[in-house]
Amino acid sequence: MEDYLAKSLEEWKEDISEVLDQINTDYDDVKKELKVYSYKYGITKQVIQSTVNEEIIENIREMYHKPFEEKYNELKEYIRELDEKRKVFQMFVNKIDEVKRKEAPKTDLAATYK
């Protein structure tokens, strides 16, 4: 592979890797937040199921359960989007590496050791 082409592909890979790193950071942050809301949502659901007073149940639903459920669902959707982005940008990196591997000069081992 010509040097200019290898250099260009490597620079492109570095740019894509930076984007991928940011996506991975966002993914990890959202995953943590999703876990928090998963617990909050689950706990409020259990409390509601264990409570008999309808007025208290309705207050809990309005104050906690519904907002936690909405945030939980929102985060689930966002993490799916980030996961898709991760896959796409990782494909770029893999394809660039694959092209560079295929186009790398083939070394004649027999000639090297003569």
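Q: What makes I23, Y27, V30, L34, Y37, Y41, F68, Y72, L75, I79 and L82 the largest nonpolar core?
A: A nonpolar core is a set of buried Ala, Val, Leu, Ile, Met, Phe, Trp, Tyr and Cys residues joined through side-chain atoms within 4.5 Å, and buried means under 20% relative accessible area, with exposed over 50% and partly exposed in between (1.4 Å probe, protein chains only). These eleven residues make up the largest such set. The elements giving two or more residues to this core are α1 and α2, and α1 has the largest share, six residues. A second, separate core of five residues includes L9, I16, L20 and I96.

This is a predicted model, where local features need pLDDT of at least 70, side-chain atom pairs count only at pLDDT 80 or more, and totals for chains, interfaces and linings use all residues. Residues are numbered from 1 along each chain as its sequence is written, and side-chain values use heavy atoms, leaving out hydrogens and water.

Q: How do you know that the span of α1 is close to the one expected?
A: Helices are DSSP runs (H or I, at least four residues), numbered from the N terminus. The expected span is 1.5 Å times one less than the number of residues. With 48 residues (3-50), α1 should reach 70 Å, and its first and last C-alpha are 69 Å apart, so the two are close.

Q: What does Y37 touch?
A: Contact means heavy atoms within 4.5 Å. Leaving aside residues up to four places away in sequence, Y37 touches F68, K71, Y72 and L75.

Q: Why is V88 called partly exposed?
A: V88, in helix α2, has a relative accessible area of 31%, so it falls between the buried and exposed cut-offs.
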